[in-house]
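Student: Could you take me on a close look at one part of this protein, and then show me what lies around that part? I'm new to this, so plain words please.

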Amino acid sequence: MASPTDVRKGKVLNYQGNPHLVLDVQHRTQGRQAGFMQVTMRNLNTGASTNTKIRTTDSVEIMHTDMIKLEFSYIDADGYHFMDPESFEDIILEESLVEDAKDFLVETQAYSVLHVDDKPISIDLPASLEMKVTESAEGIKGDTASNVQKPATLETGLTIQVPLFIKEGETIKVNTADRSYGGRA
């Protein structure tokens, strides 16, 4: 058990029996009363956010976490297969775990997977990824009055808006936060 003053952004707490990722922490005091920590956290099992007060006299359980780099291999009926590049061990993640990241899973690409107590909890996507355009319509000549864009389908099946000059077979950067075009790779 730890003191609430040890709680920091990025730590994982055992709160109400579930792992919660700390998103924001503020230490507050009110006159003569004991201080408290205003903590915003996200339940790693359900994805729901919680805003709670933890008194500085309470104790909290900070869970052991590891960020492990894994390479995405393939998908089959068992789940999403990742490989540990150091031990070459095959690690299978369930679809519910990769739900938010599955549009960005490119074969042989390395991803950071958050493990809490040696159990995979979530995938941490990089800010941008290089992906190949598999399908894109040709731009219409003369249709360049302003920032005109067209839809393009990427190798994972994700469809985003790209500038007219992007063609099939090109590799582009995709911003993972807002699923937008980030430039040529």
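**The pocket and its surroundings**

Tutor: Let's start with the largest pocket, which has a volume of about 740 Å³. Keep in mind that this is a predicted model. There are 26 residues lining the largest pocket, and the closest to its centre are Leu44, Leu97, Ile121, Ser122 and Ile123. Which elements give two or more residues to the lining? They are β3 (36-43), β7 (90-93), α1 (95-98) and β9 (119-124). The largest share comes from β9, with six residues. If you sort the lining by class, you get 13 nonpolar, seven polar and six charged residues. As for how such a space is found at all, rolling a probe the size of a water molecule over the atoms shows where empty space is left.

Now, two of those elements lead us into a sheet. Both β7 and β9 belong to an open sheet of five strands, with the order β7-β6-β5-β8-β9 and antiparallel pairing. Where do β7 and β9 stand in it? They stand at the edges with a single partner strand each, so one side of each has no neighbour in the sheet. From one strand to the next, the twist averages 45°.

Further inside that order, strand β5 (residues 65-76) and β8 pair in the antiparallel sense, over seven bridges. One spot to look for is Lys69, whose bridge partner in β8 is Ser112. And what holds strands side by side like this? Strands of a sheet pair through backbone hydrogen bonds, either parallel or antiparallel.

Next, follow the chain through the loops on either side of β8. The loop between α1 and β8 (110-116) is the place of Glu107. Is Glu107 buried or exposed? Its relative accessibility is 53%, and exposed means over 50%, so Glu107 counts as exposed. Even so, Glu107 has company from another part of the chain: leaving aside neighbours within four places in sequence, Glu107 is in contact with Phe72 and Ser73. Tyr74 is worth finding too, as Glu107 and Tyr74 are 33 residues apart in sequence, yet their C-alpha atoms are 6.7 Å apart in space.

Thr108 lies in the loop between α1 and β8 as well. Thr108 has a positive phi of about 65°, although it is not a glycine. With a relative accessibility of 63%, Thr108 counts as exposed. Now hop over β8 to Asp118, in the loop between β8 and β9. Asp118 has a positive phi of about 65° and is not a glycine either. Asp118 is exposed, because its relative accessible area is 63%.

For a contrast, try Thr52, which lies in strand β4 (residues 49-55). Thr52 has a relative accessible area of 13%, so it is buried. What does Thr52 touch, not counting residues up to four places away in sequence? The answer is Tyr15, Met37, Gln38, Val39 and Met41. To get a feel for distance, jump from Thr52 to Gly182: they are 130 residues apart along the chain, and their C-alpha atoms are separated by 37 Å.

That jump takes us to another sheet. This open sheet of five strands has the order β12-β11-β10-β13-β14, with antiparallel pairing. Its edge strands are β12 (159-163) and β14 (180-184), each pairing on one side only. Neighbouring strands here are turned by 55° against each other on average, direction ignored.

Let's walk through it strand by strand. Strand β10 (residues 128-136) pairs with strand β13 (residues 171-175) in the antiparallel sense, over five bridges. In that pairing, Leu129 has Val174 in β13 as its bridge partner. β10 is also joined to β11 by three bridges, and these two run antiparallel. There, Glu135 stands opposite Thr153 in β11.

Stay with strand β11 (residues 149-154) for a moment. Its covered face holds Lys150, Ala152 and Leu154, while Gln149, Pro151 and Thr153 are on the uncovered one. That every-other-residue pattern fits a common rule: in a regular strand the side chains alternate between the two faces of the sheet. On to β12, which is joined to β11 by five bridges and runs antiparallel to it. Pro151 stands opposite Gln161 in β12. Finally, β11 and β12 form a hairpin with four residues between them, and in the turn you'll find Gly157, with a positive phi of about 100°.

Note on methods. Residues numbered from 1 in each chain as written. Predicted model: local features only at pLDDT ≥ 70, side-chain atom pairs only at ≥ 80, totals over all residues. Heavy atoms only, no water. 1 Å grid on protein atoms, 1.4 Å probe; cavity = no way out; pocket = protein on both sides within 12 Å on 5 of 7 lines; lining within 4 Å. Points joined across faces, edges and corners; volume = space filled by probe spheres on them. Nonpolar A, V, L, I, M, F, W, Y, C, P; charged D, E, K, R; others polar. Pairing = 2+ DSSP bridges. Axes fitted to C-alpha atoms, helices over the stretch in contact; angles between N-to-C directions. Buried < 20%, exposed > 50% of the residue type's maximum accessible area, 1.4 Å probe, protein only. Contact = heavy atoms within 4.5 Å.
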